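Work through these exercises with the structure open beside you. Try each task before you read its solution.

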Amino acid sequence: MNSKENQILIKRRSALKMLGLSSAAMLVGGFSDMVAAEPMLDKPKIRLPEIPGHSPVAFTTGTDRMQMIHDVIRPFDSEIRKGLRGKQLVIKPNMVVTNNELCATPVDSLRALLEYMKPIYKGQIIIAESSATPNPSEGFKNYGYLDLAKDYNIRFLDLNTTPGKPLFIMNRDLHLEKIQIADIFLDPSYYIITISRLKTHDTVVMTGAVKNILLGAPHNLPASGGNKPVNYKRSMHAAGSRWLHYNMYQVAQHIKPDFSIIDGVEGMEGNGPVSGTAVDHRIALAGLDPASVDSICCKLMDIPLSDVGYLNFMEAAGLGIIDRSKIDIIGSANPDNHIIKYKLHSNATNQLQWKDPLVLPGTNNRPAATGQPSQPQRN
């Protein structure tokens, strides 16, 4: 075994350790089934992007959304121009449901991004979404996105109508389960920008750039031709908080946006990502590494980084940088001076079960203590 293979093996073992899988648990039938089938995960081949030693994140504050979005994009202008060459630009907003404006990317955020891209990108721009509710076209209308077509060369795309490819996640029985994701996220001929709000979450503590892409990718297929509806997003969530953190990490091995923007002019706290309340935060940030962007989001929301499992798994596997000593802030504003303690979801304590040892029937594991929220850290 060469040095590189050994490093990957060590990272895999570290990630399993973080999941709380003891040696005894690994021998239980369900997990042994997963290990036996593990070669299936190599189709499509896992992509491990090269992560530089430091990751830049642009940060600004204010109330002028148009100016703020421009300010956080501008430092990456040359990287964006280079990345766009020969590719189709796709913008992925966030709208969990189609009838609650606070849960969605503000239309003015999209307008700001489109205005910035207008002199850079001359082709038609795709705005693509696959919401938790079956028909994102309703959201395009309800949130005013369709009006953007009057000023910009754009096409709206329901990702559920696009071809898909299989990936494998873990279900509650620790068996592999096949899901289908929109292959637009796997095709290198697309340049993908994610733009979303800063929000709390009902299963994985917080949601930002990473989750907008990873949970936007699975198809949500309505009933058709005698077939029942199939919601692969629900499959991702079905095994509970512990495995959603892990399943997001699984999908992150295949999918990574090219650029990530967070509009935090108005965030959401409490019972997000749909039923929370507004936070007048007045911030915006952007970067090339979505994990780094979300790391700073956690700081701004006063959420301990150690509570967000999927970000920790991603860094352990070399899929992004969340260590703030390795994140370089671009801009005159200091995130430390703009921290607001977001009220978490009412089930926030249960969301931390990923930290606890896994207890399975037939093992001698002692019952795990319920995960407790960490003390807020301002690092």
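**Exercise 1. A helix with two sides**

Which residues are buried in helix α5 (residues 77-84)?

Solution. Keep in mind that this is a predicted model.

Step 1. Apply the cut-off: buried means under 20% relative accessible area. In α5, Asp77, Ile80 and Leu84 are buried.

Step 2. Look down the helix axis. The buried residues of α5 fall within an arc of 65 degrees, so they line one face of the helix.

Step 3. Turn to the other side of α5. Ser78 and Lys82 are exposed there.

Step 4. Find the packing partners. The buried residues of α5 pack against α4 (65-73), β2 (88-92), α6 (107-117), β7 and β11 (259-269).

Step 5. Go just past the end of α5. There glycine 86 has a positive phi of about 75 degrees.

**Exercise 2. The helix before it**

List the buried residues of α4, then say what they pack against.

Solution.

Step 1. The buried residues in α4 are Arg65, Met68, Ile69, His70, Val72 and Ile73.

Step 2. They pack against β1 (55-61), α5, α6, β11 and β12 (277-287).

Step 3. Link this to Exercise 1. Packing from α5 reaches α4, and packing from α4 reaches α5.

**Exercise 3. Nonpolar cores**

Which residues of the largest nonpolar core touch the most other members?

Solution.

Step 1. Start from a general point. In soluble globular proteins, nonpolar side chains tend to be buried together.

Step 2. The largest nonpolar core here has 67 residues. Phe185, Leu214, Met248, Leu285, Tyr310 and Leu311 touch the most other members.

Step 3. Apart from this core lies another, of 40 residues. Among them are Phe76, Met95, Ile120 and Leu148.

Step 4. Return to tyrosine 310 and skip its neighbours within four places in sequence. Tyrosine 310 is then in contact with Val204, Met206, Thr207, Val210, Lys211, His245, Met248 and Asp294.

**Exercise 4. Cavities**

How many cavities of 30 Å³ or more are there, and which residues line the largest?

Solution.

Step 1. The count comes to two cavities of 30 Å³ or more.

Step 2. The largest cavity holds about 80 Å³ of space.

Step 3. Its lining is made of Ala209, Val210, Ile213, Leu214, Ala252, Ile255, Lys256, Pro257, Pro290, Met314 and Leu319.

Step 4. Sort the lining by class. It has 10 nonpolar residues, no polar ones and one charged residue.

Step 5. Ask where the lining comes from. Helix α8 (residues 209-214) gives the largest share, four residues.

**Exercise 5. Backbone angles**

Leucine 174 and arginine 282 each have a positive phi. Is leucine 174 buried or exposed? Where is arginine 282 placed?

Solution.

Step 1. Phi of leucine 174 is about 65 degrees, although this residue is not a glycine. Leucine 174 sits in the loop between β5 (164-170) and β6.

Step 2. Leucine 174 counts as buried because its relative accessibility is 3%.

Step 3. Phi of arginine 282 is near 60 degrees. Arginine 282 is in strand β12.

Step 4. Arginine 282 has a relative accessible area of 40%, so it is partly exposed.

**Exercise 6. A cis peptide bond**

Which two residues does a cis peptide bond join?

Solution.

Step 1. The cis bond joins glycine 272 and proline 273, with omega at about 10 degrees.

Step 2. Place it on the chain. Proline 273 is in the loop between β11 and β12.

Notes
Residues numbered from 1 in each chain as written. Predicted model: local features only at pLDDT ≥ 70, side-chain atom pairs only at ≥ 80, totals over all residues. Heavy atoms only, no water. 1 Å grid on protein atoms, 1.4 Å probe; cavity = no way out; pocket = protein on both sides within 12 Å on 5 of 7 lines; lining within 4 Å. Points joined across faces, edges and corners; volume = space filled by probe spheres on them. Helix = DSSP H or I, 4+ residues; strand = E, 2+ residues; numbered from the N terminus. Nonpolar A, V, L, I, M, F, W, Y, C, P; charged D, E, K, R; others polar. Core = buried A, V, L, I, M, F, W, Y, C linked by side-chain atoms within 4.5 Å. Buried < 20%, exposed > 50% of the residue type's maximum accessible area, 1.4 Å probe, protein only. Contact = heavy atoms within 4.5 Å. Arc of directions from axis to C-beta.
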